[in-house]
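Subject: Model with ligand, handed over

Hi,

Here is the model we talked about. Please open it alongside this note; my findings follow below.

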Amino acid sequence: MIGGGVMGEAILSRLIAQEMYSPETVLVSDPSPERREELAQRYHVEVTDSNRKVMQSTEEVLLLAVKPQVLPRIEADWDSIKENLEHRPLLISILAGIPILRLKAALDPLPVVRVMPNTNATVGASMSAIAPGSGLRPEQLTLAKTILGAIGEVVEVPESAMDAVTGVSGSGPAYVALLVESLADGGVAAGLSRSVALQLAMQTVLGTATLLQEEQLHPAQLKDRVTSPGGTTIAGVAELEAGGFRSSVIKAVQASKARSQELGNS
Ligand SMILES: NC(=O)c1ccc[n+]([C@@H]2O[C@H](COP(=O)([O-])OP(=O)(O)OC[C@H]3O[C@@H](n4cnc5c(N)ncnc54)[C@H](OP(=O)(O)O)[C@@H]3O)[C@@H](O)[C@H]2O)c1
């Protein structure tokens with residue numbers, strides 16, 4: 001693993017906890033001595049400040065978990081050792097916005113899987129979209145899905161869908177956080193304490209997602225189920241519709257997708 005930050009740790013912690021990899025088979029590089037010490041103490045994995053050491057010793061999977069702007073430095077490290085490599089591990093990149101073509105050029109000739117996880121990975125509830133690069137063997141794709149499965153759900157998409165994925169599940173946690181916050185604000189406006197309002201809002205979002213998922217309900221079915229004639233919920237729904245709730249969310253996804261495309265082209 002190159003880059004032992006927030007996402008790297010989220011993945012590492014679950015791979016170790018679920019015994020997918022035993023600690024002595026994992027090597028993590030990170031520039032910060034404190035961070036290396038933390039990861040070594042928590043997960044008993046080997047750590048290093050040398051990306052080259054990771055690149056040279058990796059047999060199965062090279063997980064790239066640095067910020068996208070660090071890629072040129074990784075490329076420089078790779079260029080200095082790539083002639084003498086013994087293995088061709090699978091490269092799994094979680095770098096937001098970095099296309100497979102760019103990854104392949106940077107870490108040639110490794111087979112590549114591009115992943116877009118989301119911040120919920122830190123609690124094992126990520127929605128990760130994965131796009132396989134060309135020339136990937138079926139067992140390598142399966143391995144990538146298994147690894148990403150350790151931090152949540154996984155869906156395979158063509159790379160062309162990654163900007164749209166960013167609009168929905170990449171940026172989605174922020175939209176849902178806004179929903180929770182505004183539900184709680186509504187509760188406070190209606191006379192509840194802030195803490196009670198937040199608890200109600202949070203559990204309602206969590207419970208609704210669980211219900212939709214476990215009972216495989218279409219959202220419209222659930223909405224119809226809880227809106228009785230002349231009742232309280234349809235009164236609230238009518239206000240949301242008047243305020244353009246649906247079209248605001250749709251536009252938010254489109255705006256995020258467009259911004260992702262812009263950043264990818266810059
Ligand atoms: N966080 C999310 O919710 C999320 C969601 C989707 C995708 N991603 C993607 O996940 C990747 C990692 O994000 P993150 O949130 O985990 O970032 P992060 O916490 O900053 O982790 C990156 C780690 O890489 C280290 N690093 C910096 N330069 C390095 C180098 N040359 N070699 C090796 N390691 C180096 C950093 O160390 P220093 O801090 O000391 O520089 C840091 O520990 C990003 O590409 C991001 O686009 C993140």
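Which residue places a backbone N or O atom 3.0 Å from an oxygen atom of the ligand? That residue is Ala 96. The protein buries 76% of the 880 Å² that the ligand exposes when taken alone. Bear in mind throughout that this is a predicted model.

**Ligand contacts**

Two side chains also make polar contacts with the ligand. Asp 30 has a side-chain N or O atom 2.6 Å from a ligand oxygen. For Asn 51, a side-chain N or O atom lies 3.0 Å from a nitrogen atom of the ligand. So the list to check on screen is short: Asp 30 by its side chain, Asn 51 by its side chain, and Ala 96 by its backbone.

**The shell and the pocket**

The ligand has 22 residues around it. Those that come nearest are Val 6, Met 7, Asp 30, Asn 51 and Val 66. Asp 30 and Asn 51 are thus on that list. By type, the shell holds 13 nonpolar residues, six polar and three charged. Two helices each supply at least two residues of this shell: H1 (6-17) and H4 (71-81). As for the site itself, the ligand occupies the second largest pocket.

**Backbone points to check**

Three places in the backbone deserve a look. As background, most residues other than glycine have a negative phi, and most peptide bonds are trans.

- Asp 108 to Pro 109: this peptide bond is cis, with omega near 5°. Pro 109 belongs to the loop that runs between helix H5 (100-106) and strand E5 (112-116).
- Glu 19: phi is positive, about 55°, and the residue is not a glycine. Glu 19 sits in the loop between H1 and strand E1 (27-29).
- His 44: phi is near 60°, again positive in a residue other than glycine. The loop here lies between helix H2 (33-43) and strand E2 (46-48).

Are Glu 19 and His 44 buried or exposed? Glu 19 has a relative accessible area of 71%. For His 44 the value is 60%. Exposed means over 50%, so Glu 19 counts as exposed. By that cut-off His 44 is exposed too, because 60% is over 50%.

That is the list. Start with Asp 30, Asn 51 and Val 66, which are among the residues that come nearest to the ligand. Then turn to the cis bond from Asp 108 to Pro 109.

Best wishes

Conventions: Residues numbered from 1 in each chain as written. Predicted model: local features only at pLDDT ≥ 70, side-chain atom pairs only at ≥ 80, totals over all residues. Heavy atoms only, no water. Near = heavy atom within 4 Å. Polar contact = N/O pair within 3.5 Å; in protein donor to acceptor, adjacent residues only side chain to side chain. Areas by Shrake-Rupley, 256 points an atom, 1.4 Å probe, with all protein chains shown as cover. 1 Å grid on protein atoms, 1.4 Å probe; cavity = no way out; pocket = protein on both sides within 12 Å on 5 of 7 lines; lining within 4 Å. Sits in = over half its atoms within 2 Å of the grid points. Helix = DSSP H or I, 4+ residues; strand = E, 2+ residues; numbered from the N terminus. Nonpolar A, V, L, I, M, F, W, Y, C, P; charged D, E, K, R; others polar. Buried < 20%, exposed > 50% of the residue type's maximum accessible area, 1.4 Å probe, protein only.
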